Amino acid sequence: MALESFGSAAYIYLVKEQDKAAPAQLEVSSAWHFLAFFVSAGLFSGLVSHVVATKFMYPRMVARFSAPSVPMKADTWASAVASSSASAASAAKTAVFKPILPSLGASGAIYASVTLTALAFPDSQVSLIIPPSYPIDIQTGVGALVLLDMIGAARGWRFFDHWAHLGGAAFGAAYYYYGPELWNGSANRNIINKPSKLTTWRQATAYKEIPVPPPPGVRDGQSWCLILGTRLTTAADEFLTIDLSNENVGQDVFPVISMPIHFGPRAAKKGPKQEKIERIYRLQPKDGEDTGITLKLTEQTSFDLDKKVWDSGIGLSSWLVGLEQSTHAEGLVLKLKDVIFSPQPRNILELGKAFSLILCFAATQYDRLGTGIGVVGLSLAALRSTRSPPSEGTQDRIIATDLETAIPLIEHNVAVNAAHLQNTRFQAAVLDWDDDTLPDFVQEFPEGFDAIIMADVTYNTASFPSLVHTLSKLVKLGKEPPLVLLGYKERDSAERSLWDLVCDFGLSLKKVGTSPGAGGAPVEIWVGEINPNK
């Protein structure tokens, strides 16, 4: 229980510190960082216990066993009996001298996690599961435990391995101040080669196969990722990341990272085609760390329309970052900001089919439709995670919905970025616009949603009747109708017929901004509200 509670908190801290690295870490999971910390803490605390036992306890024990007994002079028969009894008692006392117990360092590793959590989250509180169970400041509680172990070590108490506990606490404190920097430094060593020009992009050769030489100095057994980008003269983190805080995001070709490529004598000369890629997105919340938040999202490279990121999703995510930072919003935009960035817990729904998106907020939760890979919902959750946490027993909810084939990839991206969702219950669920009834999970939101956010839901005009039918039922769930946020990129003028169709159930949309996008028509940002008289 202690490992689950304090270990998860320590894991979140290590992930946040790792996000500060430049460039961002290319790890499958940050769990390896926590595992390295936990195992090292256990080994160090066990070493401290062993050194103390070897340096101090063992010599004392040897001295006790080897000390010669001094017989008393027996002048009389009675004194001889007394002397013999005293010698026997002394021998017995020596024989029952408490042995040196082995130490594995497990409790010391937990102590390290507790200490790291206390330093990383000083405003947190803890309480016992047994009376007295009232909460106390975590630093007060940890300080009391360390003091108790110091007294136990000084007085020779043997109920716990106090020296292992103290070693673990010292390791946790040292790791808080120096560990993340050492980890990032060692992980970054030679992880990224100096970028070299591969080709010049031209439309005529866009699908031409280009051979890529192996990395210089590659050794058997190593795994490397191929990174393709367009910025050869900038810092490594800019070469790797997509800056959602940049209002002109999309003007440059997005960098892309392959899955690991294995080198060795048994590696196939031409292995199977990789079907996934990764991209790293960085956003800068108003109240967050100076280095911002890093999201790592996986996409499919197949020809399916879902399981990919699209221009409207990027443009809408960038606009949300700007809205969270803005200080001059007014009118309908200010109303939207007050809803989606309220310190109160929210419910969000993302509505989607193929690569469409909708994101909804409700009295205590979020719901999102048409998720694709989850970039809009995860960006919003990350922005909200930097704000004041909700009151005890409440949390944001984001439900990212799409077709069944897209759910595993959404769940993967949610799991990889879980450290940025500490105040959010993020769920992927199936919602098909063609179904006559809403799915069962919608019943968990009897008060409806706070907002609905959609991106790229207009790609197929034939699906408009199903989309409008689904929307009309969602906005009527609660007493207060939700606001609607739409990211739209025109591909055909016929797509704008959606605006007239949604008017039939009282939804009025107003254009409030644009994002340049990746070429062609810009990404338009629309905000809508329900006319109660309709």
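Colleague: Does Arg 346 count as buried or exposed?
Modeller: The model is predicted, so local features need pLDDT of at least 70 and side-chain atom pairs count only at pLDDT 80 or more, while totals for chains, interfaces and linings use all residues. Residues are numbered from 1 along each chain as its sequence is written, and side-chain values use heavy atoms, leaving out hydrogens and water. With 14% relative accessibility, and with buried meaning under 20% relative accessible area, exposed over 50% and partly exposed in between (1.4 Å probe, protein chains only), Arg 346 counts as buried.

Colleague: Which residue does Arg 346 meet in a salt bridge?
Modeller: The two side chains meet at 3.4 Å, N to O, where a salt bridge needs a side-chain nitrogen of Lys or Arg within 4 Å of a carboxyl oxygen of Asp or Glu. Arg 346 lies in the loop between H9 and strand E10 and its partner in the loop between strands E14 and E15, so the pair ties together parts that are 104 residues apart in sequence. The partner, also buried at 14% relative accessibility, is Asp 450.

Colleague: How many residues apart in sequence are the parts tied together by Asp 311 and Lys 489?
Modeller: These residues form a salt bridge, with the closest N and O atoms 2.9 Å apart, and both are buried. Because Asp 311 lies in helix H8 and Lys 489 in strand E16, the separation is 178 residues.

Colleague: Which residue forms a salt bridge with Arg 496 at 2.6 Å?
Modeller: Arg 496 is partly exposed at 28% relative accessibility, whereas its partner is buried, with a relative accessible area of 9%. Both belong to a network of salt bridges that also links Glu 490, and the partner at 2.6 Å is Glu 524.

Methods
Helix = DSSP H or I, 4+ residues; strand = E, 2+ residues; numbered from the N terminus.
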